[in-house]
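These are my notebook entries on the secondary-structure packing of one chain. I set down what I looked up, beginning with the strands and then turning to the helices.

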Amino acid sequence: NERLEFLGDSILEMAATIFLYKKFPALPEGELTALRSALVRGNNLALVSEELGLGEHLFLSKGEEVSGGRTKKYILANVAESLIGAIFLDQGYEVAEKFIDTHILSKVGQVFELGLHIDSKSKFQEKAQELENTTPDYRLISETGPDHDKVFQMGVFLNDILVATGEGSSKQKAEQEAAREGIVVKRW
């Protein structure tokens, strides 16, 4: 699955890049990059997996099963990328691109509408300073998995109160997810 995930990630990135380049000819590179990141980010891919019911079809270890692995966002995101890789190998790029268009790139309007392409940490910090006169603090909550496939859970705190958590393959990605969740929790 990790090899398929690697392949699927690359195909998804290319398909998203081509789609956005064509759809938004006037947008500068930085905004295109932010939009692409929002479309291919773990939370969005986890939603796609949930919509398709992919978690129900996973073969998991007993430990992962007991800990709710079928609903963990990072696992569901990885499964979506693996599926894209498998579709590519079995049916070719055009079919993989159609799957990506239908299930992922079709959400570009929602990404714009909800502002998901805006850097969450920056937005959370601006709102925290403006509305609560404080600066967010990010702390490591947990670190799981083998060295080559770590999953970090970070928490975002305001005045030593945990507001939200996020998971990612790096601390920075987990912080972004925590900030994104914090924006939702605080309704900013």
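I looked up the strands first, in what is a predicted model. I found an open sheet of 3 strands, ordered S1-S2-S3, with antiparallel pairing. I noted strand S1 (137–144) and strand S3 (161–168) as the edge strands, since each pairs on one side only. I recorded an average twist of 25° from one strand to the next.

I then examined how strand S2 (residues 151–158) is joined to S3. The two strands run antiparallel, and I recorded 7 bridges between them. For Gly155 I looked up the bridge partner in S3, and that partner is Thr165.

Next I asked which strands helix H9 touches. Helix H9 (residues 171–186) packs on the sheet and touches S1, S2 and S3. I entered about 135° for the angle between the direction of H9 and that of S3.

I turned last to a pair of helices. Helix H2 (residues 29–40) packs with helix H3 (residues 42–52) at an angle of about 40°, and I noted that their axes lie 5 Å apart. I therefore entered H2 as oblique to H3, given that angles under 35 degrees would count as roughly parallel.

I also asked which residues of H2 and H3 meet. From H2 I listed Ala38, Leu39 and Val40, and from H3 I listed Gly42, Asn44 and Leu45. I sorted the residues of this contact of H2 with H3 into 4 nonpolar and 2 polar, with no charged residue.

Conventions: Residues are numbered from 1 along each chain as its sequence is written. This is a predicted model: local features need pLDDT of at least 70, side-chain atom pairs count only at pLDDT 80 or more; totals for chains, interfaces and linings use all residues. Side-chain values use heavy atoms; hydrogens and water are left out. Axes are lines fitted to C-alpha atoms, for helices over the stretch in contact, and angles run from 0 to 180 degrees between N-to-C directions. Helices (H or I, at least four residues) and strands (E, at least two) are DSSP runs, numbered from the N terminus. Angles under 35 degrees count as roughly parallel, over 145 as roughly antiparallel, 65 to 115 as roughly perpendicular and the rest as oblique. Contact means heavy atoms within 4.5 Å. Ala, Val, Leu, Ile, Met, Phe, Trp, Tyr, Cys and Pro count as nonpolar, Asp, Glu, Lys and Arg as charged, and the others, Gly among them, as polar. Two strands pair if DSSP finds at least two bridges between them.
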